[in-house]
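Student: Could we go through this one together? I'd like to know what stands behind the labels people use.
Tutor: Sure, let's have a look and take the terms step by step.

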Amino acid sequence: MDSILIQGGVALQGKVRIQGSKNASLPILAATLLVRESSFIRNCPRIRDVYSMISLLRSLGCSVNWQENGVYVDSSAVTKGEIGSEAVTGMRSSLCLLGALIGRCGQVVMEYPGGCVIGERPIDMHLSALRQMGVEFCEKEGRLQAAAKKLRGAHIVLPFPSVGATENVLLTAVKAEGDTVLEGAALEPEITALCRYLQCCGASIEGVGTDCLTIRGGSALYGADFEVPADRIVAGTYLFSCIGTGGNILLENAPWEEMTAVLETAEQMGGRLCTSREGLYVQAAARPLAVPCIRTQPYPGFPTDLQSVALAVAAVGDGESMIRETIFENRFRIAEDLRRMGADLKEQGADTMLVSGVEALKGAEVEARELRGGAALVTAGLMARGETKVTGCRYIFRGYENICRDFRELGARVTSA
Ligand code: EPZ
């Protein structure tokens, strides 16, 4: 079941409910390690990256049990900060275990984390921030070792609002002695969700939702019942798929308040949008309009995780669009597959793609090589004439609970094979 077959050319119609957020649930699951009681994490998505995180937590001694509407994690038995599982190298978000385990056990031994092949993805900001809090690092036999005799609060300034580094500082600082002030923190809603979970557990954090967080270390942390917010990237994927197919849909539960830049782009593409307590209503134009420039940026800018799907839709836009990727260097890897489907794409330097919209894409066999690019190829298949086969779908299942079911609910002809 590693492929998806799509009979394209159907305008999406109907409604679909948006799953819980991958990038919020992963650091929250890691944060359960800081609590010596059980937490119930509601609306946790059933996706591969969550399963990998759960197997890492189990390997550390956590007891984890799925319920219909969420997952219980009891970390009372965790004693050692050593993780050796292969899952670490395959999942970048395992990096937030660094802060969580330092906070819990004072030491960590782990492989260097992996993730999607979307760029070099160094971890220098994580290491430098944690060093300022008293953590010492060394590398032994290719593994990262970290230890802290005593964690102390610090005044940290991030040179770039890294999502992962902000998460690691939060996870370490709640256990440090004294206050930590983090300037230049990432503003992504997933950071706010992590702060809210930690606050529910008893942590004292000020400035939530701003780029300056003050964390008062050392508060006792208790188990909490917490609901993961809906996934803004999944919602955005379906939104752009609707725009690309000329459809008319309701994205139930979509977190539209967190999607301002995305909604603006969808409107520029001719979409008529309406937000309500139910979610986000989308009515597409018959053909998407070209957009002069889509530029990815840290939140609240246009998210890099939706650049690929926007590129796929721009490929059938009425006119010329320009897409600039400023966060990750390898996020144009789907261009080659989109060209095979008939897209007219010209690279201008490493970070810019000029897109001359064609009237229609044609079905082809293409290969997912990473999560968001893979999902964008499914969208391209929905828009294309004829049949598209997307192989390598294991990457897509890392972040989408059931992309085939969701698109079928919207009337698309999609099967997994
Ligand atoms: C998070 O990755 C997300 N992953 C990514 O989602 C998302 O694309 C990214 O934030 C940006 O929004 C998770 O939440 C699990 P960063 P992260 O640290 O934390 C550079 C998806 O598809 N950098 O904000 O790794 C880095 O190379 C994914 O769901 C350093 O140079 O992102 C990149 O260019 C994939 N040194 C930029 O900063 C560092 O120490 C942003 O990275 C850290 C980062």
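**Around the ligand**

Tutor: By class, the shell around the ligand holds 9 nonpolar, 6 polar and 8 charged residues. Keep in mind that this is a predicted model.

Student: Which residues come nearest to the ligand?
Tutor: Asp-124, Met-125, Ser-162, Asp-305 and Ile-327, out of the 23 residues around the ligand.

Student: What makes the pair between Asp-124 and the ligand a polar contact?
Tutor: The cut-off is 3.5 Å between N or O atoms. A nitrogen atom of the ligand sits 2.7 Å from an N or O atom in the Asp-124 side chain, so the pair is within the cut-off and counts as a polar contact.

Student: And what about Met-125 and Ser-162, which parts of them face an oxygen atom of the ligand?
Tutor: For Met-125 it's a backbone N or O atom, 2.8 Å from an oxygen atom of the ligand. For Ser-162 it's a polar side-chain atom, at 2.6 Å from an oxygen atom of the ligand. As for cover, the protein hides 89% of the 830 Å² of accessible area that the ligand has on its own.

Student: Which helix gives the largest share of the shell?
Tutor: That's α5, with 3 residues. Helices that supply at least two residues each include α1 (22-31), α6 (163-173) and α12 (371-383).

**Two domains**

Student: How do you know that the ligand lies between the domains?
Tutor: Domain 1 (3-19 + 230-416) and domain 2 (22-227) both give residues to the shell, so the ligand lies between them.

Student: How many residues are in contact across the two domains?
Tutor: 25 residues of domain 1 are in contact with 24 of domain 2. About 2000 Å² is buried between the two domains, and carbon and sulfur atoms give 54% of that. On the domain 1 side, Tyr-299, Arg-398 and Glu-401 lose the most area to domain 2, together 31% of what that side buries.

**Two backbone details**

Student: Tyr-299 again! Is its peptide bond to Pro-300 cis or trans?
Tutor: It's cis, with omega near 10°. Pro-300 is in the loop between β17 (294-295) and α10 (307-314).

Student: And what makes the phi of Asn-43 worth pointing out?
Tutor: Phi of Asn-43 is near 60°, a positive value in a residue other than glycine. Most residues other than glycine have a negative phi, and most peptide bonds are trans. You'll find Asn-43 in the loop between β3 (38-42) and α2 (48-59).

Conventions:
Residues are numbered from 1 along each chain as its sequence is written. This is a predicted model: local features need pLDDT of at least 70, side-chain atom pairs count only at pLDDT 80 or more; totals for chains, interfaces and linings use all residues. Side-chain values use heavy atoms; hydrogens and water are left out. A residue is near a molecule or strand if one of its heavy atoms lies within 4 Å of it. A polar contact is a pair of N or O atoms within 3.5 Å; within protein, one must be able to donate a hydrogen and the other to accept it, and residues adjacent in sequence count only if both atoms are side-chain atoms. Accessible areas come from the Shrake-Rupley method with a 1.4 Å probe; for residues, only the protein chains shown count as cover. Helices (H or I, at least four residues) and strands (E, at least two) are DSSP runs, numbered from the N terminus. Ala, Val, Leu, Ile, Met, Phe, Trp, Tyr, Cys and Pro count as nonpolar, Asp, Glu, Lys and Arg as charged, and the others, Gly among them, as polar. Domain bounds come from an automatic or database domain assignment. Contact means heavy atoms within 4.5 Å. Buried area is the accessible area (1.4 Å probe) that two parts lose on being put together, summed over both.
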